[in-house]
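Colleague: Please show me the model, and let us then discuss its architecture and some local features.

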Amino acid sequence: MATGIPNVEAMTLTESRDVSARLAALLAERIEDVIDLWEELGEAGPTFGSPVAGRAEERRERYLRPLARVLVGALSGSADHAAIYLDERRRYASAELDASGCAAEFGRRLPGELGRLAGLVADRLPVDLALEPLEQLHRGLTEHRDPSARVLFIGDCLFVETRALLVAREPATPVDVRHIFFSTRQQLAEVNSAIVNEVVAYRPDVVGLSLFTFEGVPPFTAAWRAAAAPWGAPGATRSVAGLVELVRETIENIRSVSDATIVVHAPGGVPVGRWRRRLGALPEHSWGQRRLLRALRAGVRDVVAHTTNTILLDEGPVVAAAGGARRIGGPLFDPADVPAGYFHTTRLGARIAEEYAGVLDDHRLLARAKVLLVDLDNTLWAGVMGEGAVVHDRELQRLLLRLKQAGVLLVALSKNDPQTIRWDELELAPEDFVLHQINWVPKPDNVSQAVAALDLAASAFVLLDDNPVERALVTEQVPGVRAMDPAAPVTRRALERWFELPSTTQTAEARRRTEMYREAAERRSALSQTHDYATMMRSLRLRYDVRPAGPQDRDRVLELVQRTNQFNTTTQRRSAAEVDDLLADERYGVHVATLGDRFGDLGVVALAVFARERRELDAVIMSCRAMGFGLEIALVSRVLAAEGPGPVTATFVPTERNAPAADLFARAGFREVGAHRWELSVDADRPVVPEWFGRPSGVGGR
């Protein structure tokens, strides 16, 4: 072994980090070699040979090169780079595998790849040393443990970004995350049915609901665009009631089958429009958009305030604290470090992951807790009451009283003479405590007695005590009991959140609050029909057109083919030359769809490629800004009519990102005839254009 290089078995933590940093520097010099190796590995490499990674040059530049750069960043010690790297590796392996199957597959594939990566730098770093940091990094892919919490995200692409950083935050407390795109169905009833089915099957501990962060819900998209213009602002603001009702109804459907805590997002105005993002002298949002945001935030806050077991995640303060929407809506990585790829992660996604990490910490601590063991001196007040005057923490005392009223059992736990406690000074009365363990007995013994007296599992108890020694003794001697420091800011946050966790929802008061809210919602529904989903869609006065792609559409077709990930039935990437050949080849029909509404035109937002000789829908691709209007069904309907009678086949290639397109062919009347293969027979009913579109008409150019 070269002089100065430690033996791998004897390396200290510092030496291990030094070796990892050295490996990162060497691989950074040999990025092309890394990419060549991955290409050579094919099915044994990062893409598992999947065609959705694109072809040749496209795959190298838009996926493998950014992936190599995040690998270098991960080995350099960046936790964010490591999180995105591991998430991207999982993305290509997990379409048909559960978590344990995915880990097993990586366990079979990775050793060969990592050995060859280490071999790339063998002239400068011994292979056994290079393997150590590589194996350490990839251990997150090969090890599977049962999750400490299950999280179901419902909403827009914010959660695609949040997932990776949340999953990577604490390997010791693994989190399992699933995501439903809210805007993937035409009818609200179908969306809610899918949500209810997923909640019942998955049984999440926490549900995240974000409908208005990245313009994922069509009525919000339309309102946001309208609010950008002064003449559209009043109409956009009037749509707030309907948008808030979408949130309210979604929460009610989740609550009908689960007591999981629901984190509800109020929007922060990300992303900023293209021109406002570039022109720093302009305000981040128009006057109308600011007005819309204020009204929508107020409506969401009202829903959360009147709904049990919900937590408000107001993105406004998060955005402001990070320096504004322009900054937090920008990429997490410097493009000079990690070039643009198919995956994107904003700074907002990283911050929102931190918010959810705090929610999960509180959930693990208190979601199943029933008893709070409360120290007295220097916890409920500053000072020792037996020695004289004290300064009461009345805010904390009132908070504990509210918890008691919500069903939490309080136990007074103090090394003290019970005669010295001056109850008349407190906000709490002696009878507010179910037990008084006020004596000179060691606290672990007192806690064990309380566990036996209340006939509850030790895991139902949480200790609130200022003394770190007492906290350690209790948690070590009575396994299952958890402890909190009353002086820590996160403790007050957790206690406040306890009201929205399942352990405080099954009280008479909570049940009555839920009943009152549902009655109020029913009255609102009976008084107004303006929030019916189809009615809302008709109110947009949607118009569309489907036509053969012409030379003027070439650049837009290329952009949709190369950049669209979510609504893309195959995510097959075609180069500029391949798109040119496709448009010129009479064996293919390339059809484009335009979309507009009463606020303006979106231009070309979707395309379908029809292979005429084999009568196959080769691809259906739609911009995310057009999702949820039902345009995809109108597009398929018009293409089938244009291409004439006869059977039609189609393929859907599932990826981590294209779930919004997963049920397209089923909704269009196709039947599944094999693994991801679909068929529409000659005598099957053809898809019908959604009734809210009316007659097709042109809506402008690109």
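The exchange below covers the chain overall, two helical regions and several loop residues.

Modeller: This is a predicted model, in which local features need pLDDT of at least 70 and side-chain atom pairs count only at pLDDT 80 or more, while totals for chains, interfaces and linings use all residues. Residues are numbered from 1 along each chain as its sequence is written, and side-chain values use heavy atoms, with hydrogens and water left out.

Colleague: How many helices and strands does the protein chain have?

Modeller: Helices (H or I, at least four residues) and strands (E, at least two) are DSSP runs, numbered from the N terminus. On that basis, the secondary structure of the protein chain comprises 26 helices and 20 strands.

Colleague: What percentage of the residues of the protein chain count as buried?

Modeller: Buried means under 20% relative accessible area, exposed over 50%, and partly exposed in between (1.4 Å probe, protein chains only). Among the 702 residues of the protein chain, the buried share is 54%.

Colleague: How is α4 oriented relative to α7?

Modeller: The axes of α4 (residues 79–93) and α7 (residues 158–169) come within 9 Å and cross at roughly 110°. Axes are lines fitted to C-alpha atoms, for helices over the stretch in contact, and angles run from 0 to 180 degrees between N-to-C directions. Angles under 35 degrees count as roughly parallel, over 145 as roughly antiparallel, 65 to 115 as roughly perpendicular and the rest as oblique. The crossing angle therefore makes α4, relative to α7, roughly perpendicular.

Colleague: Which residues of α7 make the contact with α4?

Modeller: Contact means heavy atoms within 4.5 Å. From α4, the contact is made by D80, A83, I84, D87 and R90; from α7, by R163, A164, L165, V167 and A168.

Colleague: Why is α25 largely enclosed by the rest of the structure, and how many of its residues are buried?

Modeller: Among the buried residues of α25 are L631, I633, L635 and V639. The helix is largely enclosed because, of its 12 residues, the number buried is nine.

Colleague: Is R203 buried or exposed?

Modeller: R203 lies in the loop between α8 (188–202) and β3 (206–210). Its phi is positive, about 55°, although R203 is not a glycine. With a relative accessibility of 54%, R203 counts as exposed.

Colleague: And N309, buried or exposed?

Modeller: N309 is placed in the loop between α13 (287–305) and β5 (310–314). Its phi is near 60°, a positive value in a residue other than glycine. At 1% relative accessibility, N309 counts as buried.
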